Amino acid sequence: MQSLRLNPILNTDSYKLTHWWQYPPDTRHIYSYVESRGGMFDETMMAILQYIIKSNFAGQVFTLDDVEQARRIAHAHFQGHPKSFNYEGFKSLYAKHGGRLPLRVRAVKEGTVVKSQNALITIENTDPEFYWLTNWAETVLLQVWYPITVATLSRAIKQVIGKALVRTGDPSLLPFKLHDFGFRGVSSKESAAIGGAAHLLNFFGTDTLAALQLLNQFYAADLTCDNPVDCAGYSIPASEHSTITSWGEEHELDAYANILENCPEGLVACVSDSYDIYNAVRNLWGGALRDKILQRKGTLIIRPDSGDAVTVLEELFKIVSEIFGYEVNRKGWKTTVPCVRFIQGDGVNFYTIQNITAQLTRRGWSQDIWSYGMGGALLQQVNRDTLKFALKCSAIDRNGNWHNVYKNPKTDPSKASKGGRFNLIQNGKEFATVEVTEGESLPVSPAFGSNALDTVLEDGVLLRDQSLAEVREIAASYDVYNQIG
């Protein structure tokens with residue numbers, strides 16, 4: 001089977017191949033930074049940068065064959081323009097560094113939540129001959145916007161559901177309250193792996209198997225049952241419409257009975273709206289199969305997949321309560337009996353989750369009894385502008401002297417960029433981007449706060465390697481759902 005191989009030298013925007021001759025002739029170092037300028041949320045969770053670094057910038061990145069191929073492609077792509085590709089520069093880079101990249105990348109730890117308009121990542125060249133490498137790397141490095149945006153969105157939903165659980169039920173159920181259904185809804189397998197992995201920094205439930213593999217290979221995540229806390233993610237047996245409708249409408253009961261027969265205990269989910277979900281729950285699950293459900297050691301999770309979510313879910317809650325029984329928990333909210341629960345996977349996004357949870361809890365139902373499945377809205381309905389991500393050059397070393405670089409468009413002041421080299425000073429959970437002045441070393445005194453920008457990569461050597469367990473621990477430390485008010 002043949003798969004696509006992209007020349008690593010060409011993993012950049014076309015026009016960046018021509019930038020090596022556009023900087024001032026006495027340029028020695030270019031320094032750039034990554035930030036979110038705001039957008040849907042006023043904070044970001046750093047996520048899955050380590051994958052991007054390991055797979056694109058660590059170790060030997062390119063070969064001499066790559067240089068020759070890049071020269072040929074660029075020559076054709078730019079119709080023979082003599083300044084289209086830095087052929088001598090890349091040959092010299094290989095001769096001096098053996099295909100490694102003389103770059104330094106500094107970044108906040110993954111799992112950390114930082115207010116927008118702060119420097120999350122900085123990048124600069126370490127060899128003055130190759131100043132043009134810094135922003136050549138922008139195209140791939142800035143793709144960190146995607147996992148950061150997914151992780152930030154997932155985290156925001158976690159706070160919404162978490163607050164509802166604290167108020168109405170059992171907060172220990174939270175890790176499995178948002179399940180990733182997004183594999184088929186994204187643009188590629190790699191997108192599924194990256195976005196799905198970002199979601200798993202906040203939750204444990206997923207059907208995106210690609211995410212488990214990324215976290216195993218790049219974050220030391222366990223893929224056995226031996227270490228449940230460190231495992232990347234979990235799922236359960238579940239039906240889709242084809243496994244129900246293939247039995248025929250007249251044999252819908254047989255399809256459901258087959259599910260229970262093959263899963264006599266534990267969790268199992270079944271989509272039940274293929275024909276008439278109210279009939280399915282009242283007369284099939286709640287009729288001929290009622291005793292089996294009550295007697296089995298486990299929970300049947302019923303999945304509606306059409307209609308107005310609040311209307312459908314509340315009606316199903318009432319039917320199950322009537323037929324199977326219900327309880328009032330110690331916090332005073334109604335729950336169905338533990339053997340029947342629900343998952344809402346249709347029309348689910350950040351805003352509908354807030355609405356569904358608010359309306360159903362307002363009507364007396366505990367968040368304990370239903371979860372959410374989220375697909376394209378979690379992994380695909382985001383873009384670089386969701387959190388207004390940008391990488392901008394902020395400083396240049398010309399002939400040994402550093403100068404601030406910035407943009408400040410009169411037509412759009414919101415796109416103004418920072419000038420200088422930076423530390424991200426951390427005091428507790430608060431951060432501030434502070435400029436480093438000429439002659440001042442990058443590290444700072446703990447008396448003024450610690451510098452949160454670690455050196456992640458230098459000259460092709462990975463200097464920070466976080467595990468999934470560590471990232472999850474950091475991420476959880478920023479949870480606010482259990483705070484009063």
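User: How many salt bridges does the structure hold?

Analyst: Keep in mind that this is a predicted model. The general idea is that side chains of opposite charge can pair when their charged atoms come close. In this case, the structure holds 20 salt bridges. Take R28 and D397: their closest N and O atoms are 2.7 Å apart. This pair links distant parts of the chain, with R28 in strand β1 and D397 in strand β13, 369 residues apart.

User: Are R28 and D397 buried or exposed?

Analyst: R28 has 31% relative accessibility, so it counts as partly exposed. D397 is buried, with a relative accessible area of 3%.

User: Which side chain does D479 meet in a salt bridge?

Analyst: That would be K158, at 2.8 Å from N to O. D479 sits in the segment after α16 and K158 in helix α6, 321 residues apart. Both D479 and K158 are buried.

User: What about K177, which has no salt bridge? Where does K177 lie?

Analyst: Look in the loop between α6 and β6. K177 is buried, and the nearest side chain of opposite charge, D368, is 5.6 Å away. A salt bridge needs the nitrogen and the carboxyl oxygen within 4 Å. Leaving aside its neighbours within four places in sequence, K177 is in contact with several residues, including I161, F203, D368, W370 and Y372.

User: Now helices. How do I read which face of α10 is buried?

Analyst: Start with the general idea: an α-helix has 3.6 residues a turn, so residues three or four places apart point the same way. In helix α10, the buried residues are E252, A255, Y256, I259 and L260. Seen down the axis of α10, they fall within an arc of 135°, so they line one face of the helix. On the other side of α10, E261 and N262 are exposed.

User: What do the buried residues of α10 pack against?

Analyst: Their packing partners are α9, β7, α11 and α12. You can try the reading again on helix α16, where L468, V471, R472, I474 and A475 are buried. Seen down the axis of α16, these fall within an arc of 160°, so they line one face too. The buried residues of α16 pack against β2 and α8.

User: Okay, sheets next. In which order do the strands of the open sheet with β6 and β7 come?

Analyst: For strands, the general idea is that in a regular strand the side chains alternate between the two faces of the sheet. Here 5 strands form an open sheet in the order β6-β12-β11-β8-β7, with parallel pairing. β6 and β7 stand at the edges with a single partner strand each, so one side of each is left without a neighbour in the sheet. On average, neighbouring strands of this sheet are turned by 25° against each other, direction ignored. At the β6 edge, 3 bridges join β6 to β12, and H179 stands opposite G373 in β12. Helix α14 lies across β6, β11 and β12, running at about 170° to β12.

User: And which strand does β15 form a hairpin with?

Analyst: That's β16, with 2 residues between the two strands. β15 and β16 run antiparallel and are joined by 7 bridges, with L424 opposite T433 in β16. In the turn, G428 has a positive phi of about 65°. β15 also pairs with β17 in the antiparallel sense over 2 bridges, where I425 stands opposite N451. Strand β15 is mostly covered, with 5 of its 7 residues buried.

Methods. Residues numbered from 1 in each chain as written. Predicted model: local features only at pLDDT ≥ 70, side-chain atom pairs only at ≥ 80, totals over all residues. Heavy atoms only, no water. Pairing = 2+ DSSP bridges. Helix = DSSP H or I, 4+ residues; strand = E, 2+ residues; numbered from the N terminus. Axes fitted to C-alpha atoms, helices over the stretch in contact; angles between N-to-C directions. Contact = heavy atoms within 4.5 Å. Buried < 20%, exposed > 50% of the residue type's maximum accessible area, 1.4 Å probe, protein only. Arc of directions from axis to C-beta. Lys, Arg positive; Asp, Glu negative; His and termini not counted.
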